[in-house]
Amino acid sequence: MADKLRTQQQLEALQNKYIGTGHADTTKHEWTSNIARDSYASFQGHPPLLHYMSVGMGQGMERTRMHCMESMVLPCGPAPQTEE
């Protein structure tokens, strides 16, 4: 029983520390937004990948970086309406 409690506490600590891990109340939209934001951040943080993308898009690296930054605002569009 103590192992199960310890495991649950470790999971909760990870969920509090890292937003992208999600929890039981995470919606599909929140989860996909976190994944998209993580991807855009990774593209910006790895210059060879950013260079590869910019060549494929036919534009400069800084323009591609700005496109990634702008896409992080609403990566999956606005949140769907929730019923109250």
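1. Tyr-40 and Phe-43 are three residues apart in helix H2, so about one helical turn separates them. The model in which they sit is a predicted one, and the rings of these two residues have their centres 6.1 Å apart with their planes at 80 degrees, an angle over the 60 degrees required, so the pair is edge-to-face. The count of aromatic pairs in the structure comes to one. As for solvent exposure, Phe-43 counts as partly exposed, its relative accessibility being 23%.

2. On the cysteines, the structure holds zero disulfides. Cys-68 is in no disulfide, and the nearest cysteine sulfur to that of Cys-68, which belongs to Cys-76, is 14 Å away. Cys-76 is likewise in no disulfide, with the sulfur of Cys-68 as its nearest cysteine sulfur, 14 Å away. Because a disulfide calls for two cysteine sulfur atoms within 2.5 Å, the separation of 14 Å leaves Cys-68 and Cys-76 unpaired. The surroundings of the two residues deserve a separate remark: Cys-68 is buried, with a relative accessible area of 1%, whereas Cys-76 is partly exposed, with a relative accessible area of 34%.

3. Ser-54 belongs to helix H3, which covers residues 47-57, and it counts as buried, since its relative accessibility is 3%, under the limit of 20%. Once the neighbours within four places in sequence are set aside, the residues in contact with Ser-54 are Gln-59, Gly-60, Met-61 and Thr-64.

4. Thr-27 is placed in the loop between helix H1, residues 2-17, and helix H2, residues 28-45. With a relative accessibility of 42%, Thr-27 counts as partly exposed. Although Thr-27 and Ala-79 are 52 residues apart in sequence, their C-alpha atoms are 9.9 Å apart in space.

5. Glu-12 lies in helix H1, where it counts as partly exposed at 40% relative accessibility. Between the C-alpha atoms of Glu-12 and Cys-68, which are 56 residues apart along the chain, the separation is 31 Å. The two ends of this pair also fall into separate accessibility classes, in that Glu-12 is partly exposed, while Cys-68, at 1% relative accessible area, is buried.

Notes: Residues are numbered from 1 along each chain as its sequence is written. This is a predicted model: local features need pLDDT of at least 70, side-chain atom pairs count only at pLDDT 80 or more; totals for chains, interfaces and linings use all residues. Side-chain values use heavy atoms; hydrogens and water are left out. Buried means under 20% relative accessible area, exposed over 50%, partly exposed in between (1.4 Å probe, protein chains only). Helices (H or I, at least four residues) and strands (E, at least two) are DSSP runs, numbered from the N terminus. Rings of Phe, Tyr and Trp (its six-membered ring) pair if their centres lie within 6.5 Å; planes under 30 degrees apart count as stacked, over 60 as edge-to-face and the rest as tilted. Contact means heavy atoms within 4.5 Å.
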